[in-house]
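Thank you all for coming; I would like to take you through a structure that may be new to most of you. Please have a look at it first, and then I will begin with a question.

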Amino acid sequence: MNKVPIQIMDLTTLKAVVFELNQEIVPSRFENAQQIDSHTIQLGFRTLEKLKWIEISWLAETPRIVSIPPPKRYGEKSTLAKQLKNLLINLALVEIAQTGFERIVRFKLSSRPGKEIEKELIVELMGRHSNILLINRTGKIITLGKQIKNSQSRLRPIGTGDIYTSPPPLKGLVPDYFESFNSWKENICLVPSSFKNSLKNTYQGISPALTLQIAGNDYKDAINIINQSVKSIELDTWEAIYKKWKEWLLDLKNNNYTISFEGPTDFKVWGQRKSKDNNPKIGNSLSIYYSNKIVERKINSIREKLKQDLGNSKDHEMRKLEEQELLIQSISEYLTMQNKANNLLTLQSPTKKQIIEAQRLFKEAKRKKRSRESILNRVKFYKKKISEIENCELFLDSLMYGVNEANENKLDSIIELKEEVEEYICIKKNSPKFKSNRKKEDSSIIKEIQSPSGLKIQIGSNNRQNEFISLRKGKKGDLWFHAQETPGSHVVLKSSNGLFDDKDIELAADIASFFSRARGNKLTPIIMVPIENLQRISGSLPGTVRHRGGKVLWGKAERAAKYFPHN
């Protein structure tokens, strides 16, 4: 099922969130503000029960207002956060207003309930035109999320000190619960087009998600219907859609909102009956949804860039290797030159000319031999670089396989890999776009599962993690596993923590096979070594080790696959 990657907060969802927030944080007193990035602010409001937080974002792809759990302290020094704290401190939030089918929300604040409104925090959730603005009682803009210059919008430039003006009025008809079926259908069919385009162009408050939701309960069926021409849709389909249309309008009228993550779209906030208990909070549920989607987008963005960078670096090193191998072929004649020189000097009575030629050949052969040794060193260097790149490519691929990992942990792991690649492979001078919150010497959360005997089996997801589990945290009695003669993750069975049996050894070997370039093979030779027999190779990438002794086992990647679903 190919749903839209991130479902926007449309008019329906916004109404549901505003209704819920009015119940939860009105009245309350403004207490805190912090900005976590250039387009997201978090606000704290003190109710009679506790401090409640909301998050407002004007990011074009995911503009939103959601409830959030108490966040970590972050971004309080930003200019916008400081201004909001200074200007709103001790003011009471007395109303959250949203009218009609506009995606504009006004947070109204006064000295206390019943008094004149002193400030309004206006949130406009309109795709790339989204913004947040604070105005005073005269309507003057005191501060805002982003300035809109004349060069960006001749229609509605906005800046600090301007008088706030509303966006242009919505186009289209206002949806009416009492409109008859025939009138509704005729309005949509006035301009022949696909159902989705005709509905959007006819009525206000229509989003791609809502169009799918009223078209059907299944994504595939709904997408087929909305892409049909209004002239080709059957009457019974029209009637079914109209019935859903009426349900939607009735739920808006009655503020009947309940979030569900089933159906033709990622989520839906109308069309379900409220149960007496177990109704999840819409704002909290949406907060989790959006945070997961945003992290997924970051992960995919970093993954694609890393894949491209590694591929380019590998191509570069391969070209260098080919150049050196061609040079070796061109100078491999030094032995022939030596033999020719020897033959000249072993003549019974070599002439002076022959002796000079022999000396020249010896000198040239010596130079070519030295060049060959230098080139062989370069060949070894480029092969090592290619092996390191292939190892990073393997780590990148292995990040797709998780053990019910939280997205934040996956993001930390891929950022850690990105930092490694930029430091050791594709050296970048600029600071990374995405930064992890961990300290340099720490490692992100290690991927691990439980063995049949209840012992931990740890898997490295990058070079630093390999070093972390094998050399820094490995204890005497632990066992180390690695695919033989091929790039792969370090796997450590924490046998220092208890007794182990053959099933534990077998699973660890299978995992080492699964997280190696030999994953597609039926059997993979795996080296098992007591961890105290490992030694770091200085001057190499983190996690590069040599070992004494060891035992070769046979790992089966397919047996380990069930533990690591593809994300």
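Which residues line the second largest cavity? Before I answer, let me say that what you see is a predicted model, so please keep that in mind throughout. The residues around the second largest cavity are Gln7, Asp10, Thr12, Thr13, Ala209, Gln213, Phe267, Lys268, Val269 and Trp270. Two elements, helix 1 (11–25) and helix 5 (208–215), each give two or more residues to the lining of this second largest cavity. If we sort that lining by class, we find 4 nonpolar, 4 polar and 2 charged residues, and the volume of the second largest cavity comes to about 40 Å³.

When the whole structure is searched, 2 cavities of 30 Å³ or more are found, and the largest cavity has a volume of about 60 Å³. Around the largest cavity we find Ile299, Arg303, Leu399, Glu405, Lys410, Ser413, Ile414, Lys447 and Ser461. Here the elements that supply two or more lining residues are helix 8 (282–331) and helix 11 (407–425), and helix 11 gives the most, with 3 residues. In the lining of the largest cavity, 3 residues are nonpolar, 2 are polar and 4 are charged.

Let me turn from cavities to a pocket. The second largest pocket holds about 1200 Å³ of space, and among the 37 residues that line this pocket, those closest to its centre are Arg103, Met126, Gly127, His129 and Leu170. Its lining divides into 17 nonpolar, 11 polar and 9 charged residues.

I would now like to come back to helix 5, which we met at the second largest cavity as one of the elements giving two or more residues to the lining. Is helix 5 largely enclosed by the rest of the structure, or largely open? Helix 5 is largely enclosed, because 7 of its 8 residues are buried, and here buried means a relative accessible area under 20%. The buried residues are Ala209, Leu210, Thr211, Leu212, Gln213, Ile214 and Ala215, so that two of the names you have just heard, Ala209 and Gln213, are also found in the lining of the second largest cavity. As for what covers the buried residues of helix 5, the list includes helix 1, helix 4 (195–202), helix 6 (219–226) and helix 7.

Helix 7 deserves some time of its own, and I will take its contact with helix 5 before its contact with helix 3. The axes of helix 5 and helix 7 are 8 Å apart, and the two helices pack at an angle of about 125°; with that angle they are therefore oblique to each other. On the side of helix 5 the contact is made by Leu210, Gln213, Ile214 and Ala215, and on the side of helix 7 by Ile241, Lys244, Trp245 and Trp248. Of the residues in this contact, 6 are nonpolar, 1 is polar and 1 is charged.

How do helix 3 and helix 7 lie relative to each other, and at what angle do their axes cross? The axes of helix 3 (residues 181–188) and helix 7 (residues 235–254) come within 11 Å and cross at roughly 105°, and helix 3 and helix 7 are therefore roughly perpendicular to each other. In this contact, Phe181, Trp184, Lys185 and Ile188 of helix 3 meet Leu235, Trp238, Glu239, Ile241, Tyr242 and Trp245 of helix 7. By class, the contact of helix 3 with helix 7 has 8 nonpolar residues, no polar ones and 2 charged ones.

Finally, I would like to point out some details of the backbone. The peptide bond that runs from Val26 to Pro27 is cis, with omega near -5°, and Pro27 sits in the loop between helix 1 and strand 1 (28–37).

Asn90 is not a glycine, although it has a positive phi of about 75°; you can find Asn90 in the loop between helix 2 (79–88) and strand 5 (92–97), and at 53% relative accessibility it counts as exposed. Glu485, which is likewise a residue other than glycine, has a positive phi near 60°. Glu485 lies in the loop between strand 12 (479–483) and strand 13 (491–493), and with a relative accessible area of 80% it is exposed.

Notes: Residues numbered from 1 in each chain as written. Predicted model: local features only at pLDDT ≥ 70, side-chain atom pairs only at ≥ 80, totals over all residues. Heavy atoms only, no water. 1 Å grid on protein atoms, 1.4 Å probe; cavity = no way out; pocket = protein on both sides within 12 Å on 5 of 7 lines; lining within 4 Å. Points joined across faces, edges and corners; volume = space filled by probe spheres on them. Helix = DSSP H or I, 4+ residues; strand = E, 2+ residues; numbered from the N terminus. Nonpolar A, V, L, I, M, F, W, Y, C, P; charged D, E, K, R; others polar. Axes fitted to C-alpha atoms, helices over the stretch in contact; angles between N-to-C directions. Parallel < 35°, antiparallel > 145°, perpendicular 65-115°, else oblique. Contact = heavy atoms within 4.5 Å. Buried < 20%, exposed > 50% of the residue type's maximum accessible area, 1.4 Å probe, protein only.
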